[in-house]
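Visitor: Please give me a close look at one part of this model, with the residues that lead into it. Then place that part in the rest of the chain.

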Amino acid sequence: MADRWLSERAWAAEAAVSDGFDLSECVREPIHLLGGIQSYGSLVAVDPATGLVEVASQNTGAMFGVGPAALVGGPVTRVLPAAHYDEAVRGTSADDEVPVAFPVVAGHGWPTDGQVDVSAHRRDGLLVLEFEPRTGGAPGFSTFYQGIRRALAGLRGAGTVADCCRIAAREMRALTGFDRVVVYRFDEEDGPGEVVAEDVTPGWEPWLGLWFPATDIPPQARRLYRENWIRVICDVEDTTVGLHPPVRAATGAPLDLSQAALRTVSGFHLEYLRNIGVRSSMSVSVLREGRLWGLIACHGAGPVRLPPEVRSACEMFGTAFSLQLALIEERERSDALSESGRRAASVARLLEHGLEDRFAEHVRPVADLLRADGVLLSRGGRIVAGGAGFPEDLVRALAGRAAALTPGAVWATDRLAEVPAGELAWDGPQGEGPQGHGPAGVLMVALSRSGDFLAWSRGERPAPRQWAADPAAPLRVGPRGERLTPRGSSAVFRATMRGRSLPWSARDEAAARELWRLLTELVLRQADAVSALNDELRTTNLDLDSFAHVAAHDLKEPLRGISNAATFAIEDATALDDATLRRLHTMRRLADRMDSLLNSLLHFARLGRAGLRVEEVDLGGVLDAALEVAGPRLEEERVTLRRGPLGRVTADPDRLHEILVNLLVNAAKYARDGADRWVEVSAGPGEAGETVIVVRDNGIGIAPEQQQEVFELFRRLHGATERGGGTGVGLAVVKRIVERHGGRMWLDSTPGRGTAFCFTLGGTAASSRPLP
């Protein structure tokens, strides 16, 4: 048939009802409660507390000479010697449902001759005994031992998963004699499966590489495969033997035969086997960390009965195979961790000295670490770097998922469109056809508990598959009535999987975790370095503040003496020449000038030592108070005050008063020539939602190369006697007060057109502590 573009979700939807047959009927079938056993053996269920039989198979008369009606309610010792019954009781417990087996020589007038194999296990409070007449002698110990020893040795020599599967198929066929043995691996625990290894009789159709729909093994069968490691069907044409009574009075349901080796088989499954030309079968479960990894499936062209010893050997081999797979996968995981650690370390080195900025510069190496198409770093609810190909709603969904994970945890999917809404709240593209958009797979590592994350994406990678049945129509009604018939020919159906990316490997997950660990160390190192630098700067600032305060205070006394001495000399001298008198006046003027500078320095130093009294204040009221000081200077320079929107702000009112006085006086000093002179004070919201206060004038302006210099201490752009003089401290004081509030200050100026001084006051809470 022609190739088809489908996703597994689409196949599941199409296959739900096919040819009038409701697939859910197969899914709902209680295969552990079918109320029958295979006819080659008999079954008796006993209350271990009383030794009385509660359930018996309908064929006990043929095996024991006692019919089920006569057997139920009587002692089990009518069919099993007391010593063997005691052995069965001792060998099992209510907490352990694993069967035990032992041989019994037929007796007590049984119609059956020879040896009988008895298996015992506990289920639903009953001791379930299964009897299997042995038709031939038990396999010789040497043959049996050498076979299992050879099989286990072969497994130990496997170096890869593929080798291990190939050896398992070969050795299982040698142990059992079946015509075909395949190792069947599930794509996921409840998904379709692929034949990854095969050992088959010449002339049989090869299955290696074929995929089988998930509908072949319904959920309740998978549950039993996890619970009971081995399942044998001796003959698909066997006539099922019922139980007496069919329904237990204690439970209202048939006897639970989940662990029974003789349990009968669903009619759906029998039809399945008939249509692939199989007369007998056996399956051995392969588990990985409690999950169903796959099956070793065996098929025979004719009836096959395996004695308990061989079944036990097969079960032991399946356990060893599962352990060997785990060992190989752990070794591969360890190798992946080592390799991923080296690669992640090289990427982490690129991100030193400023994570966010460096990440933006090195997006491609970070993406290549996981062979991804895109990468995204999200911190604080915003995309820091990358993000190409990530829809906005997906970013929000990933942030929500990350917040539910512990830092360092990895979440990954190679089929993003099929993730349940409860796991990822995203209504993105479903990737159901060739026109699907957005990433098909995502791997994410949580960076913090607040929802920060680092994510990689992969686009869709269509995957061709060969199917043993049309996955869009995996069943049809068979010739025997309402029965599942998934195979009708040996045709191979080709289809292409859509909506999936390349799967994320253990190596990818290890690399993501290692990069998270290295980035965490990097951020912590940077935080420690910043903290140490802040401590050092805080100490330095305190030392400088103390020095400036002491220097300004201590220098004022001798300076005052120099000024006084010059004054006294001028007042007392009567015969000084004009040159000497000019020098004395200059000395006194310079002393007064230095005193003014020291006062400014002392005031600047005190700003670093005094605490702030922060409260909510009316900006208009503070402006009115500032005009009482600066108003006369504005009137002198004929500068008009304009008021914009003001409102209320959070600040120290005394310090805010000082800011406005300095800026208003500054506007008066640097007013331009002409009649129209003005200064405007306003307040409004800024880009970050904070309040921005603006003092704007239409004065002479400031040249671009001098705009940062105006905030430096003692820095004047004009001579000491120009523009009203001054010490050059005012704007430095203003900037320091703003920064003490946790705000920032900047200006916007054009020479000849005026200057706008802008500042914020941050969100500093009320505090009396001195701040650096």
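Guide: Helices and strands here are DSSP runs numbered from the N terminus, with H or I over at least four residues for a helix and E over at least two for a strand. The model is predicted, so local features need pLDDT of at least 70 and side-chain atom pairs count only at pLDDT 80 or more, while totals for chains, interfaces and linings use all residues. Residues are numbered from 1 along each chain as its sequence is written, and side-chain values use heavy atoms, with hydrogens and water left out.

The part I take is an open sheet of five strands, in the order 18-17-21-20-19, with antiparallel pairing. Two strands pair if DSSP finds at least two bridges between them. At the edges are strand 18 (382–386) and strand 19 (410–413), each of which pairs on one side only. From one strand to the next, the twist averages 20 degrees. Strands of a sheet pair through backbone hydrogen bonds, either parallel or antiparallel.

The way into the sheet starts at Arg371, which sits in the loop between helix 12 (363–369) and strand 17. Arg371 has a positive phi, near 50 degrees, in a residue other than glycine. Most residues other than glycine have a negative phi, and most peptide bonds are trans. Arg371 counts as partly exposed because its relative accessibility is 46% (buried means under 20% relative accessible area, exposed over 50%, partly exposed in between, with a 1.4 Å probe and protein chains only).

Next comes strand 17, residues 374–379, which pairs with strand 18 in the antiparallel sense over four bridges. Arg379 lies in strand 17 and stands opposite Arg382 in strand 18. Arg379 is partly exposed as well, with a relative accessible area of 26%. Arg379 and Ser448 are 69 residues apart in sequence, yet their C-alpha atoms are 9.0 Å apart in space.

Helix 13 (residues 392–403) lies across strand 17, strand 18, strand 19, strand 20 (441–446) and strand 21 (453–458). Contact here means heavy atoms within 4.5 Å. The helix runs at about 45 degrees to strand 20, where axes are lines fitted to C-alpha atoms, for helices over the stretch in contact, and angles run from 0 to 180 degrees between N-to-C directions.

Now for the rest of the chain. There are 18 helices and 32 strands, and 48% of the 772 residues count as buried. Of the contacts between residues at least 6 apart in sequence, 70% join residues at least 24 apart.

Another positive phi occurs at Asp124, near 50 degrees in a residue other than glycine. Asp124 is in the loop between strand 8 (115–123) and strand 9, and its relative accessibility of 44% makes it partly exposed. Strand 9 (residues 126–133) holds Phe131, while Phe64 is in helix 3 (residues 60–64), 67 residues away. These two rings form one of five aromatic pairs found in the whole structure; rings of Phe, Tyr and Trp (its six-membered ring) pair if their centres lie within 6.5 Å, and planes under 30 degrees apart count as stacked, over 60 as edge-to-face and the rest as tilted. Phe64 and Phe131 are edge-to-face, at 4.8 Å centre to centre with 80 degrees between the planes. Phe64 is buried at 2% relative accessibility, and Phe131 is buried at 0%.

Tyr184 and Phe186 form an edge-to-face pair too, at 5.3 Å and 90 degrees. Tyr184 is buried at 8%, and Phe186 at 6%. Together with Trp207 and Phe212 they form one aromatic cluster.

A cis peptide bond joins His244 and Pro245, with omega about -5 degrees. Pro245 is in the loop between strand 14 (241–244) and helix 9. In helix 9 (residues 267–275), the buried residues include Phe268, Leu270, Tyr272 and Leu273. Gly277, just after helix 9, has a positive phi of about 75 degrees.

As for cysteines, the count of disulfides is zero, a disulfide being a pair of cysteine sulfur atoms within 2.5 Å. Cys165 has its closest cysteine sulfur in Cys164, and makes no bond to it because the distance is 6.0 Å, which is too far. Cys165 is buried at 1% relative accessibility.
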